[in-house]
Amino acid sequence: MCSISQVGRCVWVKTAVITKEKEIVLDRNAVINEKRVYQILKRSQDILLSFLALVILWPILLIIALIIYIDSPGASPFFSQKRVGMNGKVFNFYKFRSMIPDAEKKLNVLLEQNEMDGPVFKIKDDPRITRVGKFIRKTSIDELPQLINILKGDMSFVGPRPALPREVEHYSDYENQRLYVLPGLTCYWQVQPNRNEVEFDEWMALDIKYIKERSFLVDWKILFKTLGVVINMDGR
């Protein structure tokens, strides 16, 4: 594995060979301007569904927030983090807090244990995750506050997962193509079996593939697969 200073800059030869043959180059202007009816209806759908979900789920959201607060008193049950959205716009990304309050400060200590390639950081048994955090991650409940992001227009229900600014800094021109559309609550990568074992280049290729193929049919297929992942508790 690469040293910490090289994270995101290494050449992962095996994956690069696989994805190079299938590499998709998108026309940014075409992505933004094509499928206008689809884009307008998709945004309308996002507003309607996120609003209804928040209205229906707000009692459950309050209970979850209370449980998180009881588990670690004195800290907000919600977690806000800067993420990069469409066209590089940075926005506040919301989640239920699943880690200890000072988790971000302890990241540097854990970087050497990173189990993902590329600029993404993930480890299987992250010691910063709380007792309640393990459950809400496994059930994907921690993602529910992103309904607010969807309602605001920062995100959509389906689209590439929003990346951290430090990750985007290492993107190539190819990887930057995933910023041509709104990021999503779920995506092709999100519904892959053992998704944390998917290599970074393959993950990026799945996102670019989605942008090229996006349609209501594709979106709803991903949403139904996501529902299956949640029901089977196949989260992180």
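## Exercises: salt bridges and a nonpolar patch

Asp71 has a relative accessibility of 19%, so it counts as buried. The model is predicted. Work through each task with the structure in view.

**Exercise 1.** Find the salt-bridge partner of Asp71, and state where each residue of the pair lies.

*Solution.*
- Step 1: The side chain of Asp71 meets that of Arg131 in a salt bridge, at 2.7 Å from N to O.
- Step 2: Asp71 sits in helix α3 and Arg131 in helix α5 (residues 131–138). The two are 60 residues apart, and the pair links distant parts of the chain.
- Step 3: Now check the cover. Buried means under 20% relative accessible area, and exposed means over 50%. Asp71, at 19%, is therefore buried. Arg131 has 66%, so it is exposed.

**Exercise 2.** The structure holds 8 salt bridges. Take the one between Arg214 and Glu34, and work out which parts of the chain it ties together.

*Solution.*
- Step 1: Start with the contact. The side chains of Arg214 and Glu34 meet at 3.8 Å, N to O.
- Step 2: Arg214 is in the loop between α9 and α10, while Glu34 is in the loop between α2 (28–33) and α3, so the pair ties together parts 180 residues apart in sequence.
- Step 3: Arg214 has a relative accessible area of 4%, so it is buried. Glu34 stands at 33%, so it counts as partly exposed.

**Exercise 3.** Are Asp207 and Arg178 buried or exposed? Describe their contact too.

*Solution.*
- Step 1: Asp207 and Arg178 form a salt bridge, with their closest N and O atoms 2.6 Å apart.
- Step 2: Asp207 belongs to helix α9, and Arg178 to the loop between α8 (173–176) and β4 (184–186). They are 29 residues apart, and the pair links distant parts of the chain.
- Step 3: Both Asp207 and Arg178 are buried.

**Exercise 4.** Stay with helix α9 and place Phe200.

*Solution.*
- Step 1: Phe200 lies in α9, which covers residues 200–213.
- Step 2: Its relative accessibility is 4%, so Phe200 counts as buried.
- Step 3: Phe200 and Pro119 are 81 residues apart along the chain, yet their C-alpha atoms are separated by 8.1 Å.

**Exercise 5.** Which element gives the most residues to the nonpolar surface patch?

*Solution.*
- Step 1: The patch covers about 1,100 Å², and its residues include Leu48, Leu49, Phe51, Trp220 and Phe224.
- Step 2: The elements giving two or more residues to this patch are α3 (36–71) and α10 (216–231).
- Step 3: α3 gives the most, with 7 residues.
- Step 4: Look at one patch member. Leu49 is in helix α3. At 30% relative accessibility, Leu49 counts as partly exposed.

Key: Residues are numbered from 1 along each chain as its sequence is written. This is a predicted model: local features need pLDDT of at least 70, side-chain atom pairs count only at pLDDT 80 or more; totals for chains, interfaces and linings use all residues. Side-chain values use heavy atoms; hydrogens and water are left out. Patches are made of residues with over 30% relative accessible area and no salt bridge: like charges are joined within 9 Å, nonpolar side chains (Val, Leu, Ile, Met, Phe, Trp, Tyr) within 5 Å. Accessible areas come from the Shrake-Rupley method with a 1.4 Å probe; for residues, only the protein chains shown count as cover. A salt bridge is a side-chain nitrogen of Lys or Arg within 4 Å of a carboxyl oxygen of Asp or Glu. Helices (H or I, at least four residues) and strands (E, at least two) are DSSP runs, numbered from the N terminus. Buried means under 20% relative accessible area, exposed over 50%, partly exposed in between (1.4 Å probe, protein chains only).
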